[in-house]
Amino acid sequence: MINALVAIDLDLGSSLAIRYAESISDLIDMTVQSVHVVVPDKSGPEPGMGWVRKTWETAMKNTDREDIERFLELENAVRPRFFKPKILLGDRQEELLHELQAGDYDLFIEGALPTFNPADFNALVNSRLYKQMPCSAAMIVKNLVSPQKAALLLADDIDYSPLVSSFLSVFNKPVMELDVYYCRFGKGSDLEVVNQAPDSPLFAKAADKLKEAGWEPKACREITGSPKEISEALREYSLAASALKHSTTKKNPMAETLARVLSSVLLCWG
């Protein structure tokens, strides 16, 4: 069973994450825990120690708890899976990292509205939270399209093994159509899609590993182009899965492709 943590705030991105988590929990065996981090207002002084500080912390948590519970009630009118959120107080990234470590979660889920600026996505995946999170995969939810068709993206600098293993750890049985792409990034050339598996031993091993787990890719393709061109070619997919290194830079072409796709992203590290 997958143990998932969903980070929520009072915003549209969290609404997307909640509804998407509901959708995939109907497809796979998954438990869901929601968490909200109360970030103290830095404009005023914080109380000292002892019961005064404890009372202040409790009051802040309770105020946000009421808002979050009302928010979740609206989002879960039919299936109340999220009615007992954890309310934490402190730095958001620090508290989420601590909860991910303490709760032994397999998957982290949060919403991120689509943006035309790849720098926003890069800032997210290069944050301390993403670089240090202990779970093997993160789901970045960009829209409410239910997961019906997935694209698994490989490239020269991506180790297929952790990517496929992470994908299978979340989706341990075939629940949607799956196509596998071998991406070759380049500028100044037209987009080219070859509807056959590339001549690559690593690609073949990735496809074999998927087949052994019951996932028979519907198509295996090689695609060449810029990140923008490749992302536009992936418009038909509701989920894009790939891997990044924890040392990802802003010029990483796979990161830019994942930033530009309109689909939600399943991200692992390798």
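## Pockets and a sheet: worked exercises

Helix 8 (residues 227-233) gives the most to the lining of the largest pocket, with 3 residues. Keep in mind as you work that this is a predicted model.

**Exercise 1.** Find which residues line the largest pocket, and work out how they divide into nonpolar, polar and charged.

*Solution.* Begin with the space itself: the volume of the largest pocket is about 280 Å³. Next, collect the lining. Pro 114, Thr 115, Phe 116, Asn 117 and Pro 118 belong to it, along with Lys 228, Ser 231, Glu 232, Arg 235, Arg 260, Val 261 and Leu 262. Finally, sort them by class, which gives 5 nonpolar, 3 polar and 4 charged residues.

**Exercise 2.** Do the same for the second largest pocket: which elements give two or more residues to its lining?

*Solution.* This pocket holds about 180 Å³ of space. Its lining includes Asp 9, Asp 11, Arg 92, Glu 110 and Leu 124. By class, there are 4 nonpolar, 3 polar and 4 charged residues in the lining. The elements you are looking for are helix 1 (12-25) and strand 4.

**Exercise 3.** Trace the order of the strands in the open sheet, then explain why strand 3 and strand 8 each have one side without a neighbour.

*Solution.* Follow the 11 strands across and you get 3-2-1-4-5-11-10-6-7-9-8, with mixed pairing. Strand 3 (86-89) and strand 8 (192-194) are at the edges with a single partner strand each, so one side of each has no neighbour in the sheet. Going from one strand to the next, the twist averages 25°.

**Exercise 4.** Look at strand 5 and strand 11: in which sense do they run, and which helices pack on the sheet and touch strand 11?

*Solution.* Strand 5 (residues 137-141) and strand 11 (residues 264-269) run antiparallel, joined by 4 bridges. In one of the pairs, Ile 140 has Val 265 of strand 11 as its bridge partner. Now add the helices. Helix 4 (residues 118-125) touches strand 4, strand 5, strand 10 and strand 11, and its direction makes about 150° with that of strand 5. Helix 9 (residues 253-260) touches strand 6, strand 7, strand 10 and strand 11, at about 155° to the direction of strand 10.

**Exercise 5.** Decide how many residues of strand 6 are buried, and which side chains point each way.

*Solution.* First, the count: 7 of the 7 residues in strand 6 are buried. In a regular strand, side chains alternate between the two faces of the sheet. Here Lys 149, Ala 151, Leu 153 and Ala 155 point one way, while Ala 150, Leu 152 and Leu 154 point the other. Last, check the partner: strand 6 pairs with strand 7 in the parallel sense over 7 bridges, and Ala 150 stands opposite Leu 178 in strand 7.

Key
Residues numbered from 1 in each chain as written. Predicted model: local features only at pLDDT ≥ 70, side-chain atom pairs only at ≥ 80, totals over all residues. Heavy atoms only, no water. Pairing = 2+ DSSP bridges. Axes fitted to C-alpha atoms, helices over the stretch in contact; angles between N-to-C directions. Contact = heavy atoms within 4.5 Å. 1 Å grid on protein atoms, 1.4 Å probe; cavity = no way out; pocket = protein on both sides within 12 Å on 5 of 7 lines; lining within 4 Å. Points joined across faces, edges and corners; volume = space filled by probe spheres on them. Nonpolar A, V, L, I, M, F, W, Y, C, P; charged D, E, K, R; others polar. Buried < 20%, exposed > 50% of the residue type's maximum accessible area, 1.4 Å probe, protein only.
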